[in-house]
Amino acid sequence: MSVNVRLKLHLDFRPVPQVLCDTFKAVQSLELIRMTPIRFMALAPAAQEKTHPFFLEVLCRSLIILCMALSIVLSSMSVCDGHWLLTEQRVFGLWFFCKVDTENSSAPPSCSRHSGEELGQLLEHGLWLCRCVASVAVVSAIFGLELLVLSQVTEGQASRQRWHLGSWLVLLAAVLAATGVMMFVFLLWDYATPLGFTLTFWCQFNATFLFFLNGMAAWHIPNMAYFLPSSGDVGKP
């Protein structure tokens, strides 16, 4: 008799449909609890998935690198040649001072590293500082270009840091190159004429502007990622 009473106490007298509904809800809750960590694990890689860069951004980066390479070639040729100003009897350069024999056009110019007493020591020291600044500008541009190229073969935070540092070095090269050009013009202002500047001087002048334009473009190009869609989003509403 006691056994029957215990069995009756544990029996559920609710209707069968309600019991089935409550059982289904309990199983569904357990399934939801079990699947919650799996959902977070599945969503984490999706959130970290790298979107492919937009075609316009890739094109702009490639053009910046190409223009930087051409600018470095122009500036290197200009600094290595160094003959930036021609007058009637003299050639002023970053590395040498030359005298031209106007009576004998076939005679080679007489060049020396020393300006002599006529021009003074101030000009000699000023041009020494000018060529140092121009040389450092070329070196800074080369390292900046290297970092810009390396940023394109890496991904993630390292790529952004290299591009950011490369753009800074390119802007530094623009400032140094402009300083060298202005120092040269200031030191030789008494001898300078618009037609007296040589082709190598104008190469350096153009390279200075290209350094500045490429540096500013490289500085602002990462902001395109916030305004342009990724390649996977093109065509989507």
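**Nonpolar cores and aromatic pairs**

In this predicted model, the largest nonpolar core comprises 18 residues, and those with the most contacts inside it are Met68, Ile72, Ala141, Leu148, Trp163 and Phe211. Four helices, α3 (55-81), α4 (121-151), α5 and α6, each supply at least two residues of this core, and α5 gives the most, with six residues. Phe211 illustrates how these contacts are distributed: when residues up to four places away in sequence are not counted, Phe211 touches Met68, Ser71, Ile72, Ser75, Ala141, Val170, Ala173, Ala174 and Ala177. A second, separate core of 17 residues is also present, and includes Trp84, Phe97, Leu127 and Val138.

A polar residue of helix α6, Asn214, is buried, with a relative accessible area of 7%. Leaving aside neighbours within four places in sequence, Asn214 is in contact with Ile64, Cys67, Met68, Ser71 and Val170. Of these partners, Met68, Ser71 and Val170 are also touched by Phe211. Trp163, listed above among the core residues with the most contacts, takes part in a further arrangement, in which Arg61 lies over the face of the Trp163 ring at 4.4 Å from the ring centre.

The structure holds 10 aromatic pairs. One of them is formed by Trp168 and Trp219, whose rings are edge-to-face, at 5.2 Å centre to centre and with 75° between the planes. Because Trp168 lies in helix α5 (residues 156-187) and Trp219 in helix α6 (residues 199-220), this pair ties together parts that are 51 residues apart in sequence. Both members are partly accessible: Trp168 is partly exposed, with a relative accessible area of 45%, and Trp219 is likewise partly exposed, with a value of 32%.

Phe197 and Trp202 form another such pair, with ring centres 6.0 Å apart and planes at 75°; since planes over 60 degrees apart count as edge-to-face, the pair falls into that class. Here the two partners fall on either side of the 20% limit for burial, in that Phe197 is buried, with a relative accessible area of 14%, whereas Trp202, at 36% relative accessibility, counts as partly exposed. Phe197 and Trp202 also belong to a cluster, in which ring pairs link them with Trp84, Phe184, Phe201, Phe205 and Phe209. Trp84 thereby connects two parts of this description, as a member of the ring cluster and as one of the residues of the second nonpolar core.

Definitions and conventions: Residues numbered from 1 in each chain as written. Predicted model: local features only at pLDDT ≥ 70, side-chain atom pairs only at ≥ 80, totals over all residues. Heavy atoms only, no water. Phe/Tyr/Trp six-rings, centres within 6.5 Å; stacked < 30°, edge-to-face > 60°. Buried < 20%, exposed > 50% of the residue type's maximum accessible area, 1.4 Å probe, protein only. Lys NZ or Arg CZ within 6 Å of the ring centre and 35° of its normal. Core = buried A, V, L, I, M, F, W, Y, C linked by side-chain atoms within 4.5 Å. Contact = heavy atoms within 4.5 Å.
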